[in-house]
Amino acid sequence: MDALKQELKENIIEQLNLEDMSPEDIANDDMLFGDGLGLDSIDALELIVMLDKSYGIKLTDPKEGRAIFESIDTMAAYITEHRTK
Amino acid sequence: MKQVYINSIGSISGQKTFDNNEFLNDIVDYEDNVISVIDPIYKDYIPPAAARRMAKGIKMGVVASKIALQDAGLENVDAIITGTGMGCVRDSEKFVSAIIDNDEQYLTPTSFIQSTHNTVGGQIALELQCKGYNFTYVHGSNSFESALLDAKLQLENNEEHNILVGGVDELGDHTVTIHKLINHIKPHAVKSSELLKSNSVGAVFAEGANFFVLSNEKQASSYAEVTAVKLFNTLTKAEITKAATDFLAENNLEVSDIDILILGNNGDIEHDGYYHELQSGPFKNTQQVYYKHLCGEFNTASSFGFWLASKIIKTQSLPESVKLNNIKQASFKTILLYNQYRGENHSFTLLKQC
């Protein structure tokens with residue numbers, strides 16, 4: 001699980017061009033949207049594509065995404081349970 | 001009809017032109033066939049949250065615009081008019097490559113959103129919160145002059161008072177590869193200072209952004225007056241001299257009234273002949289200047305020529321590095337610019353001291 005969390009942090013930094021950040025700057029329970037990392041709706045779309053491309057998970061219900069993308073912890077838990085690759 | 005003045009400039013190029021206090025004091029002499037700009041510190045101008053989605057061309061355009069606004073002492077403008085030949089080509093390449101590489105699956109939104117030609121103008125407007133007229137001209141090497149002409153007409157008719165006008169283009173890896181394949185980029189590295197002696201086809205490709213605040217209200221700090229702009233899609237070499245002298249006549253000028261002729265020679269032996277017609281013809285006794293050895297070739301490279309002309313007129317100085325010949329001039333009051341790329345999209349621009 002720890003390896004997956006580290007991988008997620010690295011992917012998020014790369015995919016979302018968070019140039020000034022390193023994985024160490026993101027705590028596992030940091031809020032990704034809103035007051036935390038400050039990600040926005042375009043980032044959410046990028047994350048949905050990342051889940052599909054890297055882990056074979058297709059999100060169809062946007063409401064579902066809100067809970068999944070809350071933090072690195074919630075993303076890692078969801079991916080562990082649902083990944084197909 | 002109102003007069004049109006260049007009230008400020010902002011330039012990002014292969015030289016350290018982003019500092020308006022300098023004027024080609026230290027020339028960077030490259031030895032390459034593709035040259036990138038000297039980057040300012042973009043973070044000093046763009047908040048990191050906004051910058052992270054901006055490709056190079058957008059950052060260059062936004063920062064050159066902000067430098068121009070600072071130079072004009074303005075917080076905002078009435079309109080933004082941008083010229084670009086290739087637009088945000090890096091994001092276009094990224095998006096199209098993703099389509100191919102991922103078999104039309106997993107397409108991410110950011111590069112698609114940012115790939116359109118008018119992204120630069122849009123991002124500048126967002127940064128400035130400018131809700132006025134916003135237009136982008138895409139017309140090869142006449143892109144900047146098309147934007148310039150639009151601004152000039154609006155200011156002359158007093159429809160706007162201050163307009164931000166600029167030219168911007170960025171290098172993209174795939175585009176560079178393709179242009180090398182078709183010999184539009186020189187097949188070998190060339191020293192900048194020896195560009196016109198390269199004796200080969202193609203140009204040294206580059207990127208850059210040059211923005212200006214044009215106004216119909218003159219300031220003590222104004223650089224020059226834009227007297228006339230004329231565009232031609234096609235002209236033969238045999239027609240160049242007449243086109244140039246006709247343009248001067250339309251503006252009640254003769255060749256002897258021109259203090260400096262600024263030319264867009266890029267060292268391409270197949271197409272520099274257009275410039276040679278003027279150099280060895282009616283303007284052989286005129287001070288001639290070139291600049292693409294400093295900034296390279298790109299669709300809006302002529303906006304660097306426009307920057308150069310503005311600086312020469314305001315500072316009344318002519319850097320040695322841009323001289324094509326040595327004709328003594330007491331002052332630099334009237335400058336004619338001529339540009340074309342690969343024999344198409346010709347432009348004549350006339351600036352005078354104000």
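Trainee: Which residue in β10(B) stands opposite Ile262(B)?

Mentor: Quick caveat before you look: this is a predicted model, where local features need pLDDT of at least 70, side-chain atom pairs count only at pLDDT 80 or more, and totals for chains, interfaces and linings use all residues. Residues are numbered from 1 along each chain as its sequence is written, while chains are lettered from A and ligands numbered from 1 in the order in which they are written. Strand β9 (residues 260–263) of chain B pairs with β10(B) in the parallel sense over four bridges; strands are DSSP E runs of at least two residues, helices H or I runs of at least four, both numbered from the N terminus, and pairing takes at least two DSSP bridges. Opposite Ile262(B) in β10(B) you'll find Val289(B).

Trainee: Which strands are the edges of the sheet?

Mentor: Ten strands of chain B make an open sheet with mixed pairing, ordered β4-β3-β5-β7-β1-β8-β12-β11-β9-β10. An edge strand here pairs on one side only. That picks out β4 (133–137) and β10 (287–290) of chain B.

Trainee: How are α8(B) and α9(B) oriented to each other?

Mentor: Two packed helices are described by the angle between their axes and the distance between the axes. Axes are lines fitted to C-alpha atoms, for helices over the stretch in contact, with angles from 0 to 180 degrees between N-to-C directions. For α8 (residues 237–250) and α9 (residues 273–280) of chain B, the axes come within 9 Å and cross at roughly 50 degrees. Under 35 degrees is roughly parallel, over 145 roughly antiparallel, 65 to 115 roughly perpendicular and the rest oblique, so α8(B) and α9(B) are oblique.

Trainee: Which residues of α9(B) make that contact?

Mentor: A contact puts two C-beta atoms, placed from the backbone, within 7 Å. On the α8(B) side the contact is made by Lys237(B), Ile240(B), Thr241(B) and Ala244(B). From α9(B) come Gly273(B), Tyr274(B), Glu277(B) and Leu278(B).

Trainee: At what angle do α2(B) and α5(B) pack?

Mentor: Gly57(B) and Ile58(B) are among the α2(B) residues that meet α5(B), whose side includes Thr119(B) and Val120(B). With the axes of α2 (residues 56–72) and α5(B) 9 Å apart, the angle is about 45 degrees.

Trainee: What share of chain B is buried?

Mentor: Buried residues have 20 or more other C-beta atoms within 10 Å of their own, exposed ones 12 or fewer, and partly exposed ones lie in between, with C-beta atoms placed from the backbone. Of the 354 residues, the buried share is 52%.
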